[in-house]
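Subject: Structure for your project folder

Dear colleague,

Please find the structure we spoke about just below, with the sequence alongside. My notes on what was found in it follow after that.

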Amino acid sequence: MNEHSGSDLKPRTVAAQALGTIEPGTKAVVPPVHVATTFIRDPDNQYRSGFIYGRPDNATVRQAEAVIAALEVAADAKLFGAGMAAAIAVVLALDPPAHIVAPTVMYWGLRRWLVDEAPRFGYRVSLVDTSDLAALRAAIRPGATKLVWIETPANPLWTVTDVAAAAEIAHAASAILGIDSTVATPILMRPLALGADIVMHSATKYLNGHSDVIAGALATARKDALWTRIETVRAGHGAILGPFEAWLLLRGLRTLDVRVCAQSQAALELAQRLAQHREVDHALYPGLPHHPGHATAARQMTGGFGGMLSIRVKGGERAAIAAAARVNLWKRATSLGGVESLIEHRASIEGPTSPCPADLLRLSVGLEDVDDLYADLDRALRAANE
Ligand SMILES: *Cc1c(COP(=O)(O)O)cnc(C)c1O
């Protein structure tokens, strides 16, 4: 029972009240967790509640989906058991031998799946620098390309792709544009309004925000045939998010706006300070004027440039790994988007085929005091070079 549509309200309000949903039976302001896997038929053999079985659909999952759809201003949203499951559902909804164009710089796990696994399902994949629009245009195979996939800002260099231009290029070839918007979040960017067809999030990251749920989301511009295929893939593969995870995600979403705004502001401040640091060769952050994607990011993102940045350490790979080993406050772990700040030597996890430089440290800025974060990193960087 929605008290309002959400469309006339600011994201912070939509998220904080989880669309103002009140549980009808008890009037509880916090929804219950619907755990039932099966539902009673009506006396006349119908299923009017809209629920039949827990694999295709779940009421708690639907509540979290409604909040995400409202935040993305989408026609619909679906939640999956992981960001990877969400992205892969988009691919599996296409008829092979569809051709897919994806970025060279992107979340490594999905790049690896596209390169190693997607061909086993009959798909053809080309990797290209999607921030170079001429290169993107050239990678399209007219008639064969069905999906252009982008990620912006993209892991781990925070490469920026022009969403509106990529949408135009995809649509001119009758392909759809799918975008991994995990890092931007619906608070800082609305890809559907820029022309994208499908938005994907690793909800494990900012949407949940507390490093305690693995989840993925898709939001669509239209409830069309492709979306129906995606629903079929999710139901058939059992890829729906579990109800407990959906409930935690709904709770995390309530603070999304305040978290992302604070993390984004702290990341900008850290990027500015680290760019001047004597042990840092280069700070990579779309909010810095010298970043190659700055102008595009400033155009398509509003309210900030996100909570992710990377630094390239002057002492090279050895000093980068040594600095990551010497921080106390920053947690040396993979993943991103949680309330606790994380630091990671990305090349160690991405392996030799990665475009990630060996001297790069990836920083996920949490909600700690920015001076504490800087002091910890400053100490570690200096010590690493001794
Ligand atoms: C983590 C991540 C993914 C994968 O999401 P999972 O929830 O771990 O499956 C995809 N894209 C980006 C940008 C990510 O950070």
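To begin with the interface, about 2900 Å² of area is buried between domain 1 and domain 2, and carbon and sulfur atoms give 60% of that area. Trp-158, Leu-188 and Tyr-206 supply 26% of what domain 1 buries against domain 2, which is more than any other three residues supply. Please keep in mind throughout that this is a predicted model. The division of the protein chain places domain 1 at 11–253 and domain 2 at 257–384, and the centres of the two domains, taken over C-alpha atoms, are separated by 26 Å. To the contact between them, domain 1 brings 34 residues and domain 2 brings 41 residues.

The largest pocket also involves both domains, since its lining draws at least three residues from each of domain 1 and domain 2. This pocket holds about 350 Å³ of space, and of the 23 residues that line it, Met-84, Tyr-107, Ser-202, Thr-204 and Lys-205 lie nearest its centre. The elements that contribute two or more residues to the lining are α3, α4, β6 (198–202) and α13 (346–350), with α3 giving the most, at 3 residues. Sorted by class, the lining of the largest pocket has 11 nonpolar, 7 polar and 5 charged residues.

Turning to enclosed space, the search of the whole structure found 2 cavities of 30 Å³ or more. The largest cavity contains about 40 Å³ of space and is lined by Gln-17, Ala-18, Thr-21, Pro-31, Gln-63, Leu-250 and Arg-254; by class, its lining has 3 nonpolar, 3 polar and 1 charged residues. The second largest cavity contains about 30 Å³, and Ala-87, Val-91, Ile-100, Leu-110, Leu-114, Leu-147 and Trp-149 line it. The elements giving two or more residues to that lining are α3 (83–92), α4 (108–117) and β4 (145–151), and by class the lining has 7 nonpolar residues, no polar residues and no charged residues.

Two helices deserve a paragraph of their own. In α4, the buried residues are Trp-108, Gly-109, Leu-110, Arg-111, Trp-113 and Leu-114, and these pack against α3, β2 (99–103), β3 (124–128), β4 and α13. Among these buried residues of α4 are Leu-110 and Leu-114, which also appear in the lining of the second largest cavity. In helix α12, which spans residues 316–326, the buried residues are Gly-316, Ala-319, Ala-320, Ala-322, Ala-323 and Ala-324, and they pack against β9 (308–313), β10 (331–332), β11 (342–345), β12 (360–364) and α14 (370–384).

Two loop residues on either side of β8 may also be of interest to you. Tyr-285 is found in the loop between β8 (280–284) and α11 (294–300), and Tyr-285 counts as buried because its relative accessible area is 0%, where buried means under 20%. Leaving aside neighbours within four places in sequence, Tyr-285 is in contact with Ser-264, Ala-267, Leu-268, Ala-271, His-291, Phe-305, Gly-306, Met-308 and Leu-309. One of these, Phe-305, is 20 residues away along the chain, and its C-alpha atom is separated from that of Tyr-285 by 7.8 Å. His-277 is placed in the loop between α10 (256–275) and β8, and His-277 likewise counts as buried, because its relative accessibility of 4% is under 20%. Not counting residues up to four places away in sequence, His-277 touches Tyr-374, Asp-378, Leu-381 and Arg-382.

Finally, some notes on the backbone. A cis peptide bond joins Thr-152 and Pro-153, with omega about -15°, and the peptide bond from Asn-155 to Pro-156 is cis as well, with omega near -15°. Pro-153 lies in the loop between β4 and α6 (163–172), and Pro-156 is found in the loop between β4 and α6 too. Asn-45, which is not a glycine, nevertheless has a positive phi of about 75°, and Asn-45 lies in the loop between α1 (11–16) and α2 (59–72). Ser-174 is not a glycine either, and has a positive phi of about 60°; this residue is found in the loop between α6 and β5 (176–180). Ser-174 counts as exposed because its relative accessibility is 64%, which is over 50%.

With best wishes

Terms used: Residues numbered from 1 in each chain as written. Predicted model: local features only at pLDDT ≥ 70, side-chain atom pairs only at ≥ 80, totals over all residues. Heavy atoms only, no water. Helix = DSSP H or I, 4+ residues; strand = E, 2+ residues; numbered from the N terminus. Buried < 20%, exposed > 50% of the residue type's maximum accessible area, 1.4 Å probe, protein only. Contact = heavy atoms within 4.5 Å. 1 Å grid on protein atoms, 1.4 Å probe; cavity = no way out; pocket = protein on both sides within 12 Å on 5 of 7 lines; lining within 4 Å. Points joined across faces, edges and corners; volume = space filled by probe spheres on them. Nonpolar A, V, L, I, M, F, W, Y, C, P; charged D, E, K, R; others polar. Domains from an automatic or database assignment. Buried area = accessible area lost by both parts, 1.4 Å probe.
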